[in-house]
Amino acid sequence: MKRMGNFGRSSRKPNETMKIIITTFVGVVFGFLIGVSFPTLALVKLNLLPGLLPYIDFPQIGDQKSVNSTQNSSSETQNLKDVTKIWVPENPRGAERLPPGIVASESDFYLRRLWGKPSEDLTIRQKYLVTFTVGYGQINNIDAAVKKFSDNFTILLFHYDGRTTEWDEFEWSKRAIHVSVRKQTKWWYAKRFLHPDIVVPYDYVFIWDEDLGVEHFDAEEYIKLVRKHGLEISQPGLEPSRGATWQMTKKRGDGEVHKETEEKPGWCSDPHLPPCAGFVEIMAPVFSRDAWRCVWHMIQNDLVHGWGLDFALRKCVEPAHEKIGVVDSQWIVHQTVPSLGNQGKAEDGKAPWQGVRERCRREWTMFQARVSNAEKVYYKSMGIDPANITA
């Protein structure tokens with residue numbers, strides 16, 4: 001009986017062992033197959049959270065062919081995502097994510113209707129822009145001035161006294177652009193509302209004061225002479241008997257245009273530099289589109305009177321002594337009305353205009369210093385000694 005029992009246990013052991021071996025082998029094979037297919041199929045189909053993926057070392061599972069296939073598929077998906085994201089470095093700064101065809105980087109002052117087809121809004125596209133910085137006290141003077149500009153001009157009024165509705169007595173005022181901010185100068189307005197990308201439709205931009213007599217002036221004739229003589233920056237000649245002015249900007253009677261003059265003895269070491277050439281004043285300047293793009297960038301944000309700017313305009317055209325000039329046959333009268341000066345504030349017993357004039361002089365000194373310092377920094381960055389640079 002004992003031998004039979006031992007024999008029975010020994011006969012069962014091989015069978016059980018074989019089952020265990022077979023089961024283990026099948027399990028290993030099945031697990032291997034599952035492991036090979038899992039990263040390439042299961043994860044994609046299950047769309048597991050990306051946060052789980054870094055903890056799974058896929059390259060250690062399966063053969064190299066499967067790993068390469070997975071990597072290639074992943075790269076193609078990533079490339080597809082990159083292509084569909086718009087990024088155009090050539091677009092204006094900040095608009096890189098827009099398709100170029102929708103980018104509208106320029107604007108204008110053309111008036112648009114609130115109805116109808118946009119393509120039919122404009123019956124005329126003005127080629128020139130004239131701006132006046134005005135107060136209501138000069139309303140009749142501005143009315144006379146505007147009438148010297150044809151329908152080819154967009155009229156833009158900057159109101160420093162806040163009065164705008166009173167101007168509607170003139171029919172032209174209803175078609176003009178009115179911008180009103182109290183107690184600001186024309187250069188403050190110009191820096192904020194005449195960005196080069198806004199005035200780009202206009203061949204020439206007139207930036208004029210309000211106290212100009214225009215009896216002997218015609219804007220269309222003026223433009224013809226500016227084109228004829230290749231002037232990028234210009235102004236009409238000033239009546240020489242009215243008020244103090246530079247010799248360069250006084251009207252002459254010997255030609256259509258002059259580009260240089262003789263100022264007081266010793267004032268012009270170089271006949272091609274201001275105030276003997278390359279110079280116009282800031283009361284009635286006219287800029288070509290390209291010249292204004294440069295000048296706008298030179299206008300300082302905090303220096304609002306523009307004093308000193310006239311001596312630096314030459315930096316925006318080359319050669320300045322040929323492209324800056326005064327038109328004599330279309331001339332104006334500077335009436336020297338101190339209306340903006342009266343917008344100042346009386347302090348320390350001084351009249352309002354005195355404080356304004358003091359700031360004008362201070363800004364002139366500041367502007368000259370900024371230009372000089374900026375040029376020195378530039379030349380030093382280029383390895384050039386500023387002392388070796390001549391005017």
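**Exercise 1. The disulfide of Cys-276**

Task: Determine whether Cys-276 is buried or exposed, and characterise the disulfide that Cys-268 and Cys-276 form.

Solution.
1. In this predicted model, Cys-276 has a relative accessible area of 3%. Buried means under 20%, so Cys-276 is buried.
2. The partner, Cys-268, has a relative accessible area of 22% and is partly exposed.
3. The sulfur atoms of Cys-268 and Cys-276 are 1.7 Å apart. The cut-off for a disulfide is 2.5 Å, and the pair is assigned as one.
4. The torsion about the S-S bond of Cys-268 and Cys-276 is about 90 degrees, so this disulfide is right-handed.

**Exercise 2. The second disulfide and the pairing pattern**

Task: State how many disulfides a search of the whole structure finds, and describe the one between Cys-294 and Cys-316.

Solution.
1. The search returns two disulfides.
2. Cys-294 and Cys-316 are bonded, with their sulfur atoms 2.0 Å apart.
3. Their S-S torsion is about -70 degrees, so the disulfide of Cys-294 and Cys-316 is left-handed.
4. This pair links distant parts of the chain: Cys-294 belongs to helix α6 (residues 289-298), whereas Cys-316 lies in the loop between α7 (309-312) and α8 (320-323), 22 residues apart.
5. Cys-294 is partly exposed at a relative accessible area of 30%, while Cys-316 counts as buried at 13%.
6. With the bonded cysteines of the chain numbered in sequence order, the pairing reads 1-2, 3-4.

**Exercise 3. The buried face of α6**

Task: Identify the buried residues of α6 and establish why they line one face of the helix.

Solution.
1. The buried residues of α6 are Ala-291, Trp-292, Val-295, Trp-296 and Met-298.
2. Seen down the axis of α6, these residues fall within an arc of 155 degrees, so they line one face of the helix.
3. The general geometry is relevant here: an α-helix has 3.6 residues a turn, so residues three or four places apart point the same way.
4. Asp-290 and His-297 are exposed, on the face of α6 turned away from its buried side.
5. The cover over the buried residues of α6 includes α4 (186-193), β4 (204-208), β6 (233-238), β8 (286-288), α7 and α9.

**Exercise 4. The span and packing of α9**

Task: Compare the span of helix α9 (residues 352-381) with the expected value, and state which elements its buried residues pack against.

Solution.
1. Helix α9 has 30 residues, and the expected rise is 1.5 Å a residue. The expected span takes one less than the number of residues, and for α9 the expected value is 44 Å.
2. From its first C-alpha to its last, α9 reaches 44 Å, close to that expectation.
3. In α9, Val-356, Cys-360, Glu-363, Phe-367 and Val-371 are buried; Cys-360 has a relative accessibility of 5%.
4. The buried residues of α9 pack against α6 and α7.
5. Gly-383 follows α9 and has a positive phi, near 75 degrees.

**Exercise 5. The two faces of β1**

Task: Determine how many residues of strand β1 (residues 128-134) are buried, and how β1 pairs with strand β2 (residues 153-159).

Solution.
1. Seven of the seven residues of β1 are buried.
2. In a regular strand the side chains alternate between the two faces of the sheet.
3. On one side of β1, Tyr-128, Val-130, Phe-132 and Val-134 are buried; on the other, Leu-129, Thr-131 and Thr-133 are buried, and both faces are thus covered.
4. β1 pairs with β2 in the parallel sense over seven bridges. One of the partners in β2 is Thr-154, bridged to Leu-129.

**Exercise 6. Backbone exceptions**

Task: Locate the cis peptide bonds from Pro-274 to Pro-275 and from Glu-318 to Pro-319, and the positive phi values of Lys-183 and Thr-336.

Solution.
1. Most residues other than glycine have a negative phi, and most peptide bonds are trans.
2. The bond from Pro-274 to Pro-275 is cis, with omega near 5 degrees; Pro-275 lies in the loop between β7 (257-258) and β8.
3. The bond from Glu-318 to Pro-319 is also cis, with omega near -5 degrees. Pro-319 is in the loop between α7 and α8.
4. Lys-183 has a phi near 55 degrees and lies in the loop between β3 (177-180) and α4.
5. Thr-336 has a phi near 50 degrees. Thr-336 is in the loop between β9 (324-334) and α9, and is partly exposed at 48% relative accessibility.

Technical notes:
Residues numbered from 1 in each chain as written. Predicted model: local features only at pLDDT ≥ 70, side-chain atom pairs only at ≥ 80, totals over all residues. Heavy atoms only, no water. Buried < 20%, exposed > 50% of the residue type's maximum accessible area, 1.4 Å probe, protein only. Helix = DSSP H or I, 4+ residues; strand = E, 2+ residues; numbered from the N terminus. Contact = heavy atoms within 4.5 Å. Arc of directions from axis to C-beta. Pairing = 2+ DSSP bridges.
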